[in-house]
Amino acid sequence: MTVRRLIFRAAAVGMFAAVATPAQAQWSTTYEQFYLPGSFNWEFRRNYPAADKLFNAFDYGHAILYERLYTQPNAPVADLEQKEYDFITRKLLRNPPRVPLEEAAIEVQYAKLAPEAKMMFDWAHLLHRQIYDVWADESLDLADKDRKVAELLAYYKKRPDLAFSSFPKNMELMEGQYYSTAFRDKYPKFNGLIWAYHWLQVGLYEPLVTGKNAAERQTGVVAAVARFWQMLEAPPSGMPTIMPMTAAVAPAFSARYPEAAIIFDNLHSMHDVISDILASPKVARNQKRADIMKAVSLYRDRTSFVMTQAEWLDMSNAMGVNNMGGTATNFLAALPTPTTERGAVHVHGATAAPGASAAPAEHVHAAPATPAAPAESEHVHGDAAAAPADTAKPMAGMNHDAMHAKAASADVMMPMLMRMLKDPAIRQRVNASPEMRRMMNAMIDEMPADHRPEMRKLLATRVVAPVKKPASKPAQKKPAPKKPAAKDPHAGMDHSTMKK
Amino acid sequence: MGPNTLRVRLRRLLIPALIVSTALASDTANAQTDYYNTDAGRPLQIEDAYATERYAFELKLTSFKLERASRGRYNLGMEPEIAYGLLPRTHVEIGLPIAHQDLGDGASRSGVAGLEVSAMHNLNAETRSLPALGIRGDLLFPVGGLGPDRTYASVKGMATRTLSVARFHLNGQYTFGDEPGTDAVAEGARWLGGIAVDKALPLKAILFAADFYARQPLHESEDVDYSTNVGFRYQTSPSFLLDAGIGRRLTGPERGWSLTFGTAYAFAIRSLIPVRASR
């Protein structure tokens with residue numbers, strides 16, 4: 001009887017402790033869903049076992065990174081940059097797991113912090129793997145493959161609570177927030193490893209899609225995997241210096257399935273954002289979940305921080321494929337020479353040096369109303385991350401009262417307007433729209449008289465080089481990078497806008 | 001029943017089961033199961049608070065339990081089951097327990113020991129402030145020669161809490177209905193409560209686990225008994241799972257040990273998933 005009573009009491013205490021609800025209980029109803037069944041299931045595993053196993057190991061890299069960043073924020077940098085990196089590259093990648101990993105068993109605390117974000121990653125990784133499967137299935141012809149991929153995308157989007165947006169998100173969402181670049185600044189080598197992962201994850205589609213037969217696909221996949229290993233030979237110099245964009249690394253795949261490519265770019269971009277949130281000391285520990293959830297919401301919606309597909313393609317190419325590790329097929333024996341500093345950020349379509357956006361973003365492009373009509377709806381927002389998804393509507397979401405209050409203070413408005421008008425992209429856009437020009441003139445009229453001439457002069461200054469894509473042009477001029485852009489297919493880009 | 005007879009009977013049951021297991025374990029499997037999502041009896045009694053993935057079928061054809069009861073008697077149980085993730089965080093399950101019972105003095109009996117139908121719902125995913133919680137309802141119907149003499153309904157609550165060192169599960173179950181007749185062998189319990197702990201080795205896709213629980217048999221005159229199990233779950237391929245365990249009943253008249261072995265195979269049926277390509 002005594003034992004029984006003891007057990008009951010222990011169980012009751014345990015249950016209570018387990019179920020007790022603190023004041024701000026975090027209730028999540030996210031759930032797992034099986035992958036789409038089909039004859040193609042696990043074909044990639046069967047036909048490309050080495051590459052398939054590598055992806056299992058990649059799951060570990062992401063998971064342990066988040067867990068360490070969240071649970072050991074003050075740990076020595078070497079714990080990740082040296083110890084964990086060495087374990088992954090010398091042991092795990094060389095002897096990868098047989099089956100996809102249960103990441104919740106690795107990122108225990110992170111999974112509890114943001115189960116919704118974890119599930120989004122899982123769902124997108126499933127899409128990744130299922131598309132590999134379709135293209136690894138030699139029994140399907142091209143039309144079948146296209147049909148299957150369309151089906152996979154439809155299935156993926158059946159979970160709007162988990163699906164990344166099919167609209168390309170601009171780099172401001174990833175690099176223009178107050179926490180942006182924290183991870184890459186502190187852990188450049190591990191960050192390079194993650195980008196190398198992402199290079200292979202999107203790059204591997206290219207030989208699958210461009211190979212004319214099974215033998216070519218096999219050769220191409222082997223070559224891409226070998227190129228991945230080559231990137232790790234002298235870290236971090238051989239690794240991508242900026243986030244690999246699918247359209248640049250795997251152009252044939254992206255042309256065939258632009259929606260999938262966009263989803264994967266959004267996926268990889270959010271990977272970086274969460275790394276930054278977890279790594280940034282500017283994000284208080286009790287704020288991490290809120291910022292992750294904000295990012296999660298922005299990456300799912302179809303309105304905020306979006307750009308057109310054409311702009312996404314332009315931006316992907318303008319960033320320079322050589323900075324991303326190069327294309328995944330038809331590459332030379334040597335790794336491509338990057339043209340930017342490691343971890344450079346992409347500001348208004350140009351690439352700037354690490355840390356450039358460490359300060360709160362002042363030139364963050366909030367969302368256009370629709371991807372197709374960005375010109376009239378863009379506005380500048382001091383804390384873009386705080387903007388709800390519906391701020392896509394012109395000026396919606398802005399605190400107009402606060403704006404008027406601030407307008408009364410020339411001290412606040414002056415520097416902001418000056419900076420805005422120094423940006424040729426903004427200037428051109430304002431000048432192109434009579435309504436915006438009228439509003440700008442009205443604001444200048446409210447400025448102190450001694451500043452008005454200078455501002456009017458700035459506004460009247462014409463942009464020397466026409467800006468084709470306003471959302472992707474440089475905001476600031478900085479010294480040019482030291483490295484020559486030899487053999488860079490994008491040698492025509494404005495390297496003078498890259499900050500050191 | 002002599003040892004030779006038992007061996008022959010075991011062989012008759014185990015060999016076909018192993019053939020089925022081996023066939024399912026081949027690399028042609030096209031589905032995924034999860035060693036981390038535990039089920040009652042596979043191999044522990046205490047389970048986690050998560051349901052089978054939506055749209056997934058989990059087929060457990062080969063779930064064996066061999067018990068060595070008092071005075072060297074052996075009982076063998078097998079429970080083929082299939083679970084289906086019918087709704088978000090919800091699965092339904094149907095099982096057909098089959099038992100072979102050694103009555104001593106060379107006598108034995110075999111047969112179906114009821115039909116189990118259950119539904120499980122996971123209330124929430126685990127977060128920093130809350131464990132994962134789940135509820136489950138079971139119905140055991142009077143089917144088969146060794147089944148109960150009436151239908152029994154049970155409710156169960158489950159909680160799962162994960163710490164960096166290990167994961168913990170609490171279960172509490174209550175069964176409604178009168179005491180069964182004396183011949184029934186279905187292992188119902190008026191109530192059952194217990195705790196389990198498990199530790200995953202994620203890179204090896206293996207989970208080691210142990211539990212301890214107390215149960216009051218449906219026969220109110222019997223004392224509460226206490227049992228413990230240890231075991232593992234091992235993912236052999238993305239779609240195939242093996243589990244095995246050893247248990248010990250610590251108190252009660254049938255004090256003894258038990259061995260469990262099981263396999264699970266997961267799959268989905270395309271026609272049950274309502275999705276069409278958007279272009």
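**A hairpin, packed helices and a shared interface**

In chain B, two residues form the connection of a hairpin that leads from β14(B) to β15(B). The model described here is a predicted one. Strand β15 of chain B covers residues 240-249, and β14(B) and β15(B) run antiparallel, joined by 10 bridges. Within this pairing, B:Y234 is found opposite B:L242 of β15(B). Strand β14(B) also pairs with β13 (residues 206-217) of chain B, again in the antiparallel sense and over 10 bridges. Here B:A210 has B:V230 of β14(B) as its bridge partner. Strand β14(B) is thus a convenient place to begin a tour of chain B, since β14(B) is bridged to β13(B) and to β15(B).

Strand β14(B) reappears at the boundary between the chains. What meets what there? The contact involves 48 residues of chain B and 47 residues of chain A. On the chain B side, β10 (152-162), β12 (189-201) and β14 (225-237) each contribute at least two residues to the surface that touches chain A. Sorted by class, that side of chain B comprises 25 nonpolar, 12 polar and 11 charged residues.

Chain A has a helical character in its secondary structure, with 22 helices and two strands. It is 500 residues long, and 51% of these residues count as buried. Contacts within chain A often bridge long stretches of sequence: among those between residues at least 6 apart, 75% join residues at least 24 apart.

Three helices of chain A can be considered together, namely α6, α7 and α15, as the buried residues of α7(A) pack against α6 and α15 of chain A. Helix α7 takes in residues 142-157; its 16 residues should span 22 Å at 1.5 Å a residue, and the end C-alpha atoms, 23 Å apart, agree with this. Which residues of α7(A) are buried? They are A:K148, A:V149, A:E151, A:L152, A:L153, A:Y155 and A:Y156.

The two partners of α7(A) can be described in a similar way. Helix α6 (residues 115-136) of chain A has 22 residues, for which a span of 32 Å is expected at 1.5 Å a residue; the end C-alpha atoms lie 31 Å apart, in agreement. Burial is extensive along α6(A), which is mostly covered, with 17 of its 22 residues buried. Helix α15 (residues 258-279) of chain A likewise has 22 residues, and the distance of 31 Å from its first C-alpha to its last is close to the 32 Å expected at 1.5 Å a residue. Because 20 of its 22 residues are buried, α15(A) is largely enclosed by the rest of the structure.

Another helix pair in chain A is formed by α3 (residues 49-71) and α10 (residues 188-203), which pack at an angle of about 140 degrees with their axes 11 Å apart. The crossing of α3(A) past α10(A) is left-handed. From α3(A), the contact draws on A:F58, A:G61 and A:L65, and from α10(A) on A:F190, A:L193, A:I194 and A:Y197. By class, six residues of this contact are nonpolar, one is polar and none is charged.

Several loops also deserve a look for their backbone geometry. Most residues other than glycine have a negative phi, and most peptide bonds are trans. In chain A, a cis peptide bond with omega about 0 degrees links A:P235 to A:P236. The loop that holds A:P236 lies between α12 (214-231) and α13 (246-249) of chain A. Chain B has a cis bond from B:R42 to B:P43, where omega is near -5 degrees. That proline, B:P43, belongs to the loop between α1 (3-25) and β1 (57-60) of chain B.

Positive phi values near 55 degrees occur at A:F305 and at B:D105. Is each of these residues buried or exposed? A:F305, in the loop between α16 (288-300) and α17 (309-318) of chain A, counts as buried because 31 C-beta neighbours lie inside 10 Å. B:D105, in the loop between β6 (98-104) and β7 (107-112) of chain B, has 8 such neighbours inside 10 Å and so counts as exposed.

One further loop residue of chain B is B:L146, situated between β9 (132-141) and β10. With 21 C-beta neighbours inside 10 Å, B:L146 counts as buried. Its C-alpha is 9.4 Å from that of B:P97, although the two residues are 49 apart in sequence.

Technical notes
Residues are numbered from 1 along each chain as its sequence is written. Chains are lettered from A and ligands numbered from 1 in the order in which they are written. This is a predicted model: local features need pLDDT of at least 70, side-chain atom pairs count only at pLDDT 80 or more; totals for chains, interfaces and linings use all residues. Helices (H or I, at least four residues) and strands (E, at least two) are DSSP runs, numbered from the N terminus. The expected span of a helix is 1.5 Å times one less than its number of residues. A residue is buried if 20 or more other C-beta atoms lie within 10 Å of its own, exposed if 12 or fewer, and partly exposed in between; C-beta atoms are placed from the backbone. Two residues are in contact if their C-beta atoms, placed from the backbone, lie within 7 Å. Ala, Val, Leu, Ile, Met, Phe, Trp, Tyr, Cys and Pro count as nonpolar, Asp, Glu, Lys and Arg as charged, and the others, Gly among them, as polar. Axes are lines fitted to C-alpha atoms, for helices over the stretch in contact, and angles run from 0 to 180 degrees between N-to-C directions. A crossing is left-handed if the near helix is turned anticlockwise from the far one by less than a right angle, and right-handed if clockwise. Two strands pair if DSSP finds at least two bridges between them.
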